[in-house]
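Biologist: I'm new to this one, so could you pick a single part and take me through it slowly? Please start with how far I can trust what I'm looking at.

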Protein chains: 2
Amino acid sequence: MSAARRLTQRDIAQLAGVSQATVSLVLNEAKSAEGRIPPETRERVLKVIRETGYVADPIARSMVKGANRILGVFTYQPAFPIAQADFYTPFLMGIEEAAETLGYDLLLMTASARDEKGRKRIFGESGRLRLADGCLILGSQFDRDELAQLVASDYPYVAVGRRDDAGGKVRYVGADYITATTTLVDQALAKGHRQFAFIGTTGPAESIADRWRGFQSALKGKGALVHVDDVENGDPARQVAEVRASGASVVFFAEVLEAVAFDTYARAQGISIPGDLSIVVLGSGTRTHTLRLHRAFTCYAIPREEMGKRAAAMLVETLADPSLVQQVMLQCEIVAGETLAPPNPTKDSLK
Amino acid sequence: MSAARRLTQRDIAQLAGVSQATVSLVLNEAKSAEGRIPPETRERVLKVIRETGYVADPIARSMVKGANRILGVFTYQPAFPIAQADFYTPFLMGIEEAAETLGYDLLLMTASARDEKGRKRIFGESGRLRLADGCLILGSQFDRDELAQLVASDYPYVAVGRRDDAGGKVRYVGADYITATTTLVDQALAKGHRQFAFIGTTGPAESIADRWRGFQSALKGKGALVHVDDVENGDPARQVAEVRASGASVVFFAEVLEAVAFDTYARAQGISIPGDLSIVVLGSGTRTHTLRLHRAFTCYAIPREEMGKRAAAMLVETLADPSLVQQVMLQCEIVAGETLAPPNPTKDSLK
DNA sequence: ACTAACAGCTAATACGAATTAGCGAATAGA
DNA sequence: TCTATTCGCTAATTCGTATTAGCTGTTAGT
């Protein structure tokens with residue numbers, strides 16, 4: 001049985017006493033209603049197909065048709081890293097849901113995305129990209145040159161996350177961090193905060209830059225930015241000390257993990273949050289994720305699943321009309337949380 | 001540019017002034033060292049390839065070679081369901097890691113796995129299965145007929161999770177629930193427990209059946225099974241009442257979520273856990289997951305990532321030698337937790 | 001000098017399905 | 001009865017690459 005070559009249309013044709021072309025016509029009948037096949041012949045062929053369990057080879061089929069009903073998923077980091085299991089997952093959940101609805105399979109380009117030097121590259125020598133009809137690109141840090149190449153090519157793609165122009169408008173489904181960030185800054189202002197601190201990097205990724213830009217412009221003329229710590233994985237002890245010394249009454253974080261470390265350390269020092277110091281997180285995972293992980297930070301929820309869903313849908317639209325270049329921004333939902341309160345009037349942090 | 005047909009070897013050949021066959025030979029040179037191409041011709045062709053950025057069409061290539069370097073992933077439920085986000089994810093993390101190392105991409109058969117009636121089927125009419133060189137099958141509940149069909153076919157597959165024979169030995173990488181369960185029962189016995197309760201279904205999935213079998217056989221002759229609740233999503237209030245009435249001093253759960261509900265309700269009723277009643281969970285997610293979600297139940301950790309990794313590796317071995325039928329069982333790590341203590345001597349639950 | 005061997009390349013074919021052009025027979029039209 | 005038309009089907013071609021058989025021209029061997 002192992003040597004039993006896979007059935008082909010020729011085999012079916014022979015069994016049914018017709019030609020290979022007829023078998024193909026029966027299989028794709030809906031098409032050219034012209035050269036119709038009479039019901040009896042049709043049935044005879046279908047009977048053989050049923051009995052043998054024949055299915056057309058998808059590779060040969062896509063070779064001649066040029067399409068696969070496959071969406072590629074390219075990630076600039078491993079899609080399921082142990083360390084950050086929850087980063088891609090929500091996107092993928094949305095992507096999968098949409099793909100299933102739309103009738104597409106998903107090709108995760110885990111291996112072929114690496115070039116000979118092991119770097120992640122979209123246009124690898126393998127050309128595996130072509131296996132998919134189009135592709136979704138995930139990751140906070142894009143390679144600008146590759147993105148430009150992609151934009152210039154006629155290959156259908158959609159980026160998950162807003163992207164600056166790269167030699168042309170980039171197709172994307174992003175989240176509106178600027179509006180959400182502005183809302184949170186306004187809330188802090190409304191509660192009376194005037195001295196702000198910001199901890200987190202400010203670029204170069206668009207998602208990070210947007211947070212920083214939104215923060216700055218919302219604050220402009222209405223509050224003072226008294227401390228900025230532009231580091232990744234900083235030392236909480238130092239951060240807490242510096243923030244306290246700066247007189248800030250509220251700290252904004254670009255990264256939830258930083259906030260967790262800060263919060264944990266500050267409490268251990270007897271600092272009341274938000275009594276003595278408010279904490280606001282710009283972003284963080286999905287709602288469920290946020291609630292589960294730690295305490296409920298005041299933050300906004302990035303609609304990751306929805307982004308994945310919309311991106312997949314947009315990609316499929318693009319397949320139908322390759323000239324289409326859409327850019328969609330989704331709103332983030334504000335999560336009230338419990339770490340933003342009016343500043344403590346006894347502290348000198350309130351002017 | 002949009003109409004610019006993709007480059008083919010014929011184009012390259014023309015530009016380099018050679019034949020298409022020569023281009024192909026240059027690309028795959030390592031092969032038949034016989035009809036060697038002299039360095040100068042080789043260089044000329046490679047130069048054109050470099051300048052044009054040509055890459056071979058993977059579809060045409062796999063059409064003639066018959067292999068794709070793609071591993072299919074078939075799931076009996078959506079791979080990333082919102083509700084149970086963490087069920088497949090750990091497996092996929094392992095699978096992805098192995099696939100990347102081994103140089104394979106992953107094809108998630110989300111859409112093509114459904115037949116015309118919307119049911120999940122491995123052998124769909126689409127025949128998309130053939131797009132992958134082989135396939136990994138996930139899900140607790142397999143369709144026996146399909147599994148038998150798979151076993152009988154010459155299609156390379158590996159099941160993640162132990163599977164009973166289905167017209168032949170099934171290739172799988174499973175977790176040894178029986179041994180792990182036995183260990184936990186023995187621990188409970190060693191602490192003095194004699195009256196046991198069991199909450200959870202007992203089949204038909206192998207993973208569930210193994211827990212139940214292990215539980216029963218470990219208990220045989222050494223302790224009494226005073227209460228069994230064979231339901232999914234039971235009512236915690238009723239469960240707590242019945243367990244208390246039964247006089248059991250320890251409850252075993254087959255499903256962590258049931259344990260969470262039970263635990264939460266019991267504590268609310270003023271029942272001390274494990275003071276008045278011990279709880280043991282058979283299974284649960286990965287270590288990280290377990291620790292994060294709720295309190296630290298006494299349980300064992302299913303090595304999901306490792307299972308995914310090994311399954312992918314086994315599948316690749318199978319591709320090389322299709323006659324191979326391996327069955328691997330991985331050990332579960334016992335998590336001490338804090339919900340198993342000696343029975344309360346003041347209660348009548350201790351004989 | 002005449003064959004043998006070989007280097008360097010190309011023509012031809014296969015892979016499996018889709019699709020087009022068109023053939024032969026039957027029927028319709030005049 | 002002779003030409004159109006339609007029906008029912010098939011031969012031939014295509015997609016892009018890999019591979020084999022083999023052709024041509026040069027060199028080696030005797």
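Modeller: Trust first, then: pLDDT is the predictor's own confidence in each residue, on a scale from 0 to 100. You need it here since this is a predicted model, in which local features need pLDDT of at least 70 and side-chain atom pairs count only at 80 or more, while totals for chains, interfaces and linings use all residues. Residues are numbered from 1 along each chain as its sequence is written, and chains are lettered from A and ligands numbered from 1 in the order in which they are written.

For chain A, the mean pLDDT is 85, and 88% of the residues reach 70 or more. Confidence in chain A bottoms out in helix H11 (residues 287-293), with a mean of 48, and peaks in strand S11 (residues 327-330), at 97. Helices (H or I, at least four residues) and strands (E, at least two) are DSSP runs, numbered from the N terminus. Over residues 287-291 of chain A, pLDDT stays under 50, and the model has eight contacts there beyond four places in sequence. Two residues are in contact if their C-beta atoms, placed from the backbone, lie within 7 Å.

Now for the close look: helix H12 of chain B, residues 304-320. An expected helix span is 1.5 Å times one less than the number of residues, so the 17 residues here should cover 24 Å, and the 25 Å between the end C-alpha atoms agrees with that.

This helix is mostly covered, with twelve of its 17 residues buried. Buried means 20 or more other C-beta atoms within 10 Å of the residue's own; exposed means 12 or fewer, and partly exposed is in between. Among the buried ones are charged-looking names you might not guess, including B:Arg304, B:Glu305, B:Lys309 and B:Arg310. B:Ala311, B:Ala312 and B:Leu315 are on the buried list too.

Those last three lead us to B:Leu136, which is in contact with B:Ala311, B:Ala312 and B:Leu315. Away from the helix, the contacts of B:Leu136 include B:Leu71, B:Phe74, B:Ile95 and B:Val158. B:Leu136 also stands out in the largest nonpolar core: of its 170 residues, A:Leu136 and B:Leu136 touch the most other members. A nonpolar core is a set of buried Ala, Val, Leu, Ile, Met, Phe, Trp, Tyr and Cys residues joined through C-beta atoms within 7 Å.
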